[in-house]
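Let's take a walk through this fold, one piece at a time. Have the viewer ready and follow along.

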Amino acid sequence: METQTKELKFEVKKKKAFDVHEIRKDFPILHRLVHNKPLIYFDNAATTQKPKQVIETITNYYSNLNSNIHRGVHYLSQAATSEFECARNIVKSFINARYDEEIIFTRGATEAINLVAYSYGETNLKEGDEVLITEMEHHSNIVPWQIVCSKTGAKLKVVPFDDNGELILDELEKIISPKTKIVSVVHISNSLGTINPIEYIIRRAHDVGAVVLIDGSQSIQHLPVDVQKLDCDFFVFSGHKIYGPTGIGVLYGKKEILESMPPYQGGGDMILSVTFEKTIYNVLPHKFEAGTPHIEGAIGLGSAIRYVQNIGLDVIFDYETKLLNYASERLKEIPEVKIIGNAKNKASLVSFVVENVHPHDIGTLLDRDGIAIRTGHHCTEPVMRHFGVPATSRASFAFYNTFEEIDQLVLSLKKIVAKFK
Amino acid sequence: MDEVDLLYQEMILDHNKNPRNFGELEDATHKAVGHNPLCGDHIEIFLKVKDGKVEDVKFKGVGCAISKASASIMTTVLKGKTLDEVKNLFEKFHNVITSKPDEPVNTEELGKLAVFAGVREFPVRVKCATLAWHTLIEAIEKKDSVLTVE
């Protein structure tokens, strides 16, 4: 009965028009003060805030369900297992995977990429093979491949981007070949906001027989993702960037590929039987989930995805695009501001530099006005090098941000520019 | 004064905009490169020591207002000091900017450097204010070598 009421509530809410002030009531942290100013949280590409529904799910788990999963016969263990597996099913439906067991819970996108690099990469790469990434990858989609390349003798190839921050597909055509065995590409750049043409890249990779990993860390919270339609072989994301807890992430992989891969870590839960002579590994997804997992993390992620589905990713994308366009327009009022990353297809973040003001000074001064942005290289040093800047300031928006908050950002920036004149 | 105005005082903004002793010193006896990988700050210190005293000092590099002003102001207070006096001054400077905001501090013997006392309200910015100094100390201790401080 309780479930039915809940679903009914979701239904009713969904029919209402998007109301940002209603949405903001769900996020307790948005109502606090920072340095005696109302918090304006523009660091959503680093991590998102959590709605009370997610916080309550986690509290409820520890208050009513806490137990280890998959092996207990007692009530709590079964209840916790069922919630955990339900979360897997929520993720599966959310990205339209074929099977629940194609969803592997990891610590985050970073661990998911490492899992593929070590398990798939080390097994399948050999000297003369090539791994293809892009110039705009996060360090977490560069370093694991460098490590696996140095172990296997494979070569890392990099597709460059142009000064707007768009991948140069002609260069991809020059680099991609039957030697290419793995293509690992970011869906949306965390420092430029570029939405990459992954459908095309996936098709070209498959043409030459390579498998494709899509880093969805910055797309899963902004765009509807359908892994079957995309036909990517792997898709990874972190829970905390989609309004869920930290320490939980997802590796999606096509079942037949995951089945062919050796385990990444050994331990409990990933085995069927163990003797000192021979260990038989468990089936998917457990083969890749050694040890007690982040149970409340997975359940919290499930709750976060439900929350996002309830608003609708199409509605979210539409509103966030309006925020992006508004911010880009308003920032043009300040001649000293230069936006880094001007791709035609862009997600809701603005990276910028300000003439004669270092990003760290901007970060400190905005913070005093209650505005949280990110300053630094955003774990994308090659991107900074491309534009010849040591760092940028980045304001990244979520559906709970408002146009008034952007006005405040512009006002504060104008003050800062004047101060440094 | 608001804490942030204490951090970005007029003198700091001025030295950021018009850094003093900016450039290379061809006859440097000591030099070192300082690098803060977190924020991408990069500084080079050139030091000329004669008879145990600082005869000249210059710097170049990129960084935030705090790190640039710190380097610039540093170069204006070193000339004529013995190397021990330089180290001593850095220690006092370091003590002040890493002290807790409510702790009483003696900024009198810091002279011009007292302008950085506001940094202690911003623990994440302490490294910005000390980068030039750490690099200077490296230059003194690892004479004639260029190295990276991380």
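Domain bounds here come from an automatic or database domain assignment. Keep in mind, too, that what you're looking at is a predicted model. For chain A, that assignment gives domain 1, built from 37-50 plus 312-419, and domain 2, covering 64-309. Taken over C-alpha atoms, the centres of domain 1 and domain 2 of chain A sit 28 Å apart.

Start with domain 2 and its strands. There's an open sheet of seven strands in chain A, in the order β4-β10-β9-β8-β7-β5-β6, and the pairing is mixed. At the edges you'll find β4 (103-106) and β6 (155-159) of chain A, each of which pairs on one side only. Going from one strand to the next, the twist averages 20 degrees. For a closer look at one pair, take β8 (residues 211-215) and β9 (residues 234-238) of chain A: they run in the parallel sense and pair over three bridges. Within β9(A), A:Phe235 is the bridge partner of A:Ile214.

Now add some helices to that sheet. Helix α5 (residues 109-124) of chain A lies across β4, β7 (180-186), β8, β9 and β10 (249-253) of chain A, and its direction is about 35 degrees from that of β10(A). Helix α8 (residues 198-207) of chain A lies across β7 and β8 of chain A, at about 170 degrees to β7(A).

Next, move to the other sheet. This one is also open, with four strands of chain A in the order β13-β14-β17-β16 and antiparallel pairing. Its edge strands are β13 (337-340) and β16 (374-376) of chain A, each pairing on one side only. Here the twist averages 30 degrees from one strand to the next. β16(A) and β17(A) run antiparallel and are joined by three bridges, and in β17(A) the bridge partner of A:Gly376 is A:Thr392. Packed on this sheet is α12(A), which touches β13, β14 and β17 of chain A and makes about 15 degrees with the direction of β14(A).

Stay with α12 for a moment. The axes of helix α12 (residues 313-331) and helix α15 (residues 403-419), both of chain A, come within 10 Å and cross at roughly 25 degrees. Angles under 35 degrees count as roughly parallel, so α12(A) is roughly parallel to α15(A). The crossing of α12(A) past α15(A) is right-handed. Which residues make the contact? On α12(A) they are A:Leu323, A:Tyr326, A:Ala327, A:Arg330 and A:Leu331, and on α15(A) they are A:Phe403, A:Ile406 and A:Val410. By type, the residues of this helix contact split into seven nonpolar, no polar and one charged.

So how do the two domains meet? In chain A, 27 residues of domain 1 are in contact with 25 residues of domain 2. On the domain 1 side, α12, β14 (349-354), α14 (381-387) and β17 (392-396) of chain A each supply at least two residues. Of these, α12(A) gives the most, with five residues. That side of domain 1 divides into 11 nonpolar, 11 polar and five charged residues.

Finally, zoom out to the chains. The contact between them takes 13 residues from chain B and 13 residues from chain A. On the chain B side, the residues divide into 10 nonpolar, two polar and one charged.

Note on methods. Residues numbered from 1 in each chain as written. Chains lettered and ligands numbered in written order. Predicted model: local features only at pLDDT ≥ 70, side-chain atom pairs only at ≥ 80, totals over all residues. Contact = placed C-beta atoms within 7 Å. Nonpolar A, V, L, I, M, F, W, Y, C, P; charged D, E, K, R; others polar. Axes fitted to C-alpha atoms, helices over the stretch in contact; angles between N-to-C directions. Parallel < 35°, antiparallel > 145°, perpendicular 65-115°, else oblique. Left-handed = near helix turned anticlockwise from the far one by under 90°. Pairing = 2+ DSSP bridges.
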